[in-house]
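Colleague: I have just opened this entry and would love a friendly tour. Could you take me through it step by step?

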Amino acid sequence: MKETSDTSSHSDVEFADLIARTRAQRLANGDAPDSISNPEWLSGKQPGRPLSTKRSGHRQDPLKRFPMVALTSVLSLAFLYVPMLFIVVFSFNKGQQALLWHGFSFEWYGKVFSDNNILSATVTSLEVAFIATACSSIIGVLFVLAVDHMSSAGSALATSLINVSLIIPEVVLGVSTMSLIRLMGLTPGFLPLVLAHTTFCIPFVVMPIRSRLTTLDRSCFEAAEDLGASTFQTVRRITLPLLTPAIISGALMAFVVSMDDFMISNFLTSAGTTTLPIYIFSLIRKGVNPSVNVVATLLLLLAIIVTIASTLLTRSQNRK
């Protein structure tokens, strides 16, 4: 009890001293004694309780003042995710209609995995995605390392130029890419697909790598230079190992983006190089059946796996 009383007394003294210092500072600034009141950050402090460095008081979120914020948020999330849930559920439908339930069955999964057209389109998408991911990852790493040694203005300009493709409509990118391919003397096919996918995947690789590099302690690189390491050795033994989680995270995002792309691929595909999204669209035009739900479910599963892997890698790099 005595120890508790001493602690409370010490807190009261500390609180009183804090009040006195605050009032003295206000008086020194020329404030009238009657107009002096406790500042907002001190209003939540209570005598007899230890002072904390955390902000006191409970500030109300301004968004909560708007009517139906919670309901709007719930409805927005439901509008986004409920259709995906229906797609997953109806992928196990036994009937011939995509949205008419006739019983639980894995029949359509078996048909999808035995459909040569779907398998061919999947292989094409995987080949394009793997090559585009590898190329965009290499270019993205080189770009980030080059930008890091530029001036602040040059770095900002280069980053803006590389990210501008994220806000340009995909229709514009598709038409311009097709025009460029024609000017190069190429025809729509596998190589133009790889070139186009590599180009629009670069920003997705650059973003996490750039973000990771800006958080690294520069003393690591300075120590390497002081010990006589060359630029190549510093990059190989220090920079790249530290950037590895971000590189993998960016590569995974680029892979998913390449697998899911429809608009740009639609301008560059030809017979024998049909990607999976293009083939799914052709199935929908002929008539929707549960096989479309199966393919969509598998793509959704791939996106979930990549998202979880990317999140785990981000957390691991944050711990370091």
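What follows is a conversation about this predicted model.

Colleague: Let's begin with the overall make-up. How many helices and how many strands does the chain have?

Modeller: Happy to start there. From the N terminus on, every element in the run is an α, written α-α-α-α-α-α-α-α-α-α-α-α. The count for the chain is therefore 12 helices and 0 strands.

Colleague: And what share of the residues count as buried?

Modeller: A residue counts as buried when its relative accessible area is under 20%. The chain has 320 residues, and the share that counts as buried is 32%.

Colleague: Which element gives the most residues to the largest nonpolar core?

Modeller: That core holds 28 residues, and Phe 143, Ile 209 and Leu 243 touch the most other members. Two or more residues come from each of α4 (116-148), α5 (152-163), α6 (170-183), α7 (190-215), α9 (231-260) and α10 (263-268). With 10 residues, the element that gives the most is α7.

Colleague: Which residues does Ile 209 touch, leaving out those up to four places away in sequence?

Modeller: Ile 209 is one of the three residues that touch the most other members of the largest core. Setting aside residues up to four places away, its partners are Val 141, Val 144, Leu 243, Ala 246 and Ile 247.

Colleague: How many residues are in the second, separate core?

Modeller: Val 112, Phe 255, Tyr 279 and Leu 299 are included in that second core. Its residue count is 17.

Colleague: Let's look at a polar residue. Is Ser 258 buried or exposed?

Modeller: Ser 258 lies in helix α9. Beyond its neighbours within four places in sequence, Ser 258 is in contact with Val 128, Ala 129, Ala 132, His 197, Phe 200 and Cys 201. Its relative accessible area is 4%, and because the cut-off is under 20%, Ser 258 counts as buried.

Colleague: How are α4 and α11 oriented to each other, roughly parallel or roughly antiparallel?

Modeller: In α4, Asn 117, Ile 118, Ala 121, Thr 122 and Ser 125 meet Leu 276, Pro 277 and Tyr 279 in α11. The two helices pack at an angle of about 150 degrees, with their axes 8 Å apart. Angles over 145 degrees count as roughly antiparallel, so the pair is roughly antiparallel.

Colleague: Where is Thr 275 found?

Modeller: Thr 275 is buried, with a relative accessible area of 2%. Not counting residues up to four places away in sequence, Thr 275 touches Ala 121, Thr 124, Ser 125, Leu 193, Ser 265 and Thr 269. Its place is the loop between α10 and α11.

Colleague: How many disulfides are there?

Modeller: Two cysteines show contrasting settings: Cys 135 is partly exposed at 32% relative accessibility, whereas Cys 201 is buried at 0%. A disulfide needs a pair of cysteine sulfur atoms within 2.5 Å. By that rule, the number of disulfides is 0.

Colleague: One last item, from the UniProt record. How much of residues 128-148 is helix?

Modeller: The unreviewed UniProt entry places the feature "transmembrane region" at several stretches, including 128-148 and 160-184. Over residues 160-184 the chain is 72% helix and 0% strand, with the end C-alpha atoms 26 Å apart. Over residues 128-148 the end C-alpha atoms are 30 Å apart, strand makes up 0%, and helix makes up 100%.

Notes. Residues numbered from 1 in each chain as written. Predicted model: local features only at pLDDT ≥ 70, side-chain atom pairs only at ≥ 80, totals over all residues. Heavy atoms only, no water. Core = buried A, V, L, I, M, F, W, Y, C linked by side-chain atoms within 4.5 Å. Buried < 20%, exposed > 50% of the residue type's maximum accessible area, 1.4 Å probe, protein only. Helix = DSSP H or I, 4+ residues; strand = E, 2+ residues; numbered from the N terminus. Contact = heavy atoms within 4.5 Å. UniProt positions renumbered as here; feature names shortened; annotations may be inferred. Axes fitted to C-alpha atoms, helices over the stretch in contact; angles between N-to-C directions. Parallel < 35°, antiparallel > 145°, perpendicular 65-115°, else oblique.
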